[in-house]
Every structure is written in structure tokens, then in C-alpha cells.
Amino acid sequence: MKKNLAFGLLLLMSLFSVQLFAQEVETIKLTQTEGAFETESLTLKEGTYIFEVTNQGVDRELGFVLAPKGKTDMEFHIKDAYVQNAIKKGETSSSKEVTLKKGEYVYFCPLNPTPQYTLIVE
């Protein structure tokens, strides 16, 4: 009985410490309209994010690209930042978790197409 109690207590403490030190993931919500993102720049802290993008009124499927500033060719895209499904009119799609380090990035949609917007990580 004492072994079971000790094991249960140890398991509970382990689970608590994992949750305590787990990194929080923040969701960044963006909306695309015809030829533009409504949010024209972002400043974030180093960390892990999910990008959630909504197609507001564009009659074609949209996407989302995040890349280091000055390196926007496909080979430099942060693939986990791609939305998981093409975004149809009135729908929303999210990226996988993306860990960003200090630096300057750009985000855009080549399907819309939009300008390249600045994302700064401090």
C-alpha cells in the first residue's frame, strides 16, 4: 500500500512539473481580405506560436507563408507555418506550432497575392 501511495504521489508530482515547465503556445489570429492582411505588422517575443488565418470574402483559396526577411524563396519558407489546409472563403485554417527566434521575418500570401508584412521577434 505504501509503495502504491508513494508511486502515485511521484507520478502526480511528475505530471505537475511537466505542466509547470511546458512552454505556452500562443495563437496569432490573422485575417486576409482581397489582396491584403488586416494586420500589417507583428512584434512578438521569442517563443512558440500557431498562426490561424481566416479568409474574409476572397473568392479563391488562400494560404500563409512565413520566412526570414530577405529570404522569401520557397526553400527558406518556414514550412510548419504553412496553414494545414487551403483556406476557402469564410473559412479558417491553422499552422503547426512554430518556434521563432529573435530576428525579422515576413509573412504573405502568394495566392492572394498580398504584400510582404513585417514580423519582428524580440
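Here are a few notes on this predicted model, for someone opening it for the first time.

1. Start with the overall layout. The protein is built from one helix and nine strands. Reading from the N terminus, the order goes α-β-β-β-β-β-β-β-β-β, so the helix comes before the strands, given that elements are numbered from that end.

2. Next, some totals. Of the 122 residues in the protein, 32% are buried. The exposed surface comes to about 8000 Å², and 55% of that is supplied by carbon and sulfur atoms. As for contacts between residues at least 6 apart in sequence, 62% of them join residues at least 24 apart.

3. Strand β3 is a good place to zoom in. This strand covers residues 41-44, and its side chains alternate. Leu-42 and Leu-44 point to one face and are buried, whereas Ser-41 and Thr-43 point to the other face and are not buried. That fits the usual picture, because side chains in a regular strand alternate between the two faces of the sheet.

4. Who does β3 pair with? One partner is β9, residues 117-121: the two strands pair in the parallel sense, over four bridges. If you want a spot to look at, find Ser-41, which stands opposite Thr-118 in β9. Neither residue is on the buried side of its strand: Ser-41 is not buried in β3, and Thr-118 is not buried in β9.

5. Now follow β9 itself. Here too the side chains alternate: Tyr-117, Leu-119 and Val-121 point to one face and are buried, while Thr-118 and Ile-120 point to the other and are not. β9 also pairs with β8 (residues 103-108), this time antiparallel, with five bridges joining them. Within that pairing, Tyr-105 of β8 stands opposite Leu-119, one of the buried residues of β9.

6. Finally, have a look at Val-65, which sits in strand β5 (residues 65-68). Is Val-65 buried or exposed? Its relative accessibility is 4%, so Val-65 counts as buried, the cut-off being under 20%. Setting aside neighbours within four places in sequence, Val-65 is in contact with His-77, Tyr-82, Val-106, Tyr-107, Phe-108 and Pro-110. Among them, Val-106, Tyr-107 and Phe-108 fall in the residue range of β8. Another residue to check is Ile-78: 13 residues separate it from Val-65 in sequence, and the C-alpha to C-alpha distance is 7.4 Å.

Definitions and conventions: Residues numbered from 1 in each chain as written. Predicted model: local features only at pLDDT ≥ 70, side-chain atom pairs only at ≥ 80, totals over all residues. Heavy atoms only, no water. Buried < 20%, exposed > 50% of the residue type's maximum accessible area, 1.4 Å probe, protein only. Pairing = 2+ DSSP bridges. Contact = heavy atoms within 4.5 Å. Areas by Shrake-Rupley, 256 points an atom, 1.4 Å probe, with all protein chains shown as cover.
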